[in-house]
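Let's take a walk through a protein structure together. Have the sequence and the 3D view open, and look for each residue as it comes up.

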Amino acid sequence: MSTANQEKAYIEKEYGWMVGKTVEQVRMLTPTEVEDMGWYTGGEVPFVVFFTDGTYIIPMRDEEGNGPGALLHQGR
């Protein structure tokens, strides 16, 4: 399998579960939630995205969870 195909398969496996979901709420993490994550935000705004099926995502700086992260949004 080519590297491009491996990367595509990885994205589909790890993130494909989001396809078709509907966002219900987006909010900042509470101070307690930030503490539970073990984060010092350093001015970053940690947030959580809730879907209507009860699942959620929290953007992180890296795969190890070393701090809050951001999402890039591009309009159409």
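## Starting from the outside

Let's begin with Y40, which is exposed: its relative accessible area is 71%, and a residue counts as exposed over 50%. You'll find Y40 in the loop between α2 (31–37) and β2. Try comparing its place with that of V26: the two are 14 residues apart in sequence, and their C-alpha atoms are 21 Å apart in space. Keep in mind as you look around that this is a predicted model.

Now step back and take in the whole chain. The protein has two helices and three strands, and if you read along the sequence they come in the pattern α-β-α-β-β. How spread out is the protein, next to a compact globule? Its radius of gyration is 15 Å, while the globule rule gives 11 Å for 76 residues, so the protein is more spread out than a compact globule. You can also picture a box around the C-alpha atoms: along the principal axes, that box is roughly 45 × 25 × 25 Å.

Next, the strands. They form an open sheet of three, in the order β1-β2-β3, and the pairing is antiparallel. At the edges stand β1 (23–28) and β3 (56–57); each has a single partner strand, so one side of each is left without a neighbour in the sheet.

Let's look at how the strands are joined. Between β1 and β2, which run antiparallel, there are five bridges. You can spot individual pairs here: Q25 sits opposite F50 of β2, and R27 sits opposite V48 of β2. On to the other pairing, where β2 (residues 47–51) and β3 are antiparallel too, with two bridges between them. F50 turns up again here, as its bridge partner in β3 is Y56. The hairpin of β2 and β3 has four residues between the strands, and one of the things to look for there is G54, which takes a positive phi near 95°.

So which residues of β2 are buried, and on which side? F47, V49 and F51 are buried on one side, and V48 and F50 are buried on the other, which leaves both faces of β2 covered. Put as a count, five of the five residues in β2 are buried. Now turn to β1, which is hardly covered: it has six residues, and the number of buried ones is zero.

It's worth zooming in on F47, which is found in strand β2. Is F47 buried or exposed? Its relative accessible area is 19%, and buried means under 20%, so F47 counts as buried. What does F47 touch? Leaving out residues up to four places away in sequence, it touches V26, R27, M28, L29, I57, I58, P59, G69 and L71. T3 is a different story: it is 44 residues from F47 along the chain, and the C-alpha atoms of the two are separated by 33 Å.

Now head for S2, in the segment before α1 (3–15). With 37% relative accessibility, S2 counts as partly exposed. From S2 to T52 is 50 residues along the chain, and their C-alpha atoms are separated by 36 Å.

Finally, a few totals for the whole protein. Of its 76 residues, 20% count as buried. About 6100 Å² of the protein is exposed, and 53% of that comes from carbon and sulfur atoms. If you take the contacts between residues at least 6 apart in sequence, 37% of them join residues at least 24 apart. As for charge, the protein has 6 positive and 12 negative side chains, and the centres of these two sets are 8 Å apart.

Note on methods
Residues numbered from 1 in each chain as written. Predicted model: local features only at pLDDT ≥ 70, side-chain atom pairs only at ≥ 80, totals over all residues. Heavy atoms only, no water. Pairing = 2+ DSSP bridges. Rg over C-alpha atoms; globule rule 2.2 N^0.38 Å. Buried < 20%, exposed > 50% of the residue type's maximum accessible area, 1.4 Å probe, protein only. Contact = heavy atoms within 4.5 Å. Areas by Shrake-Rupley, 256 points an atom, 1.4 Å probe, with all protein chains shown as cover. Lys, Arg positive; Asp, Glu negative; His and termini not counted. Charge placed at Lys NZ, Arg CZ, Asp CG, Glu CD.
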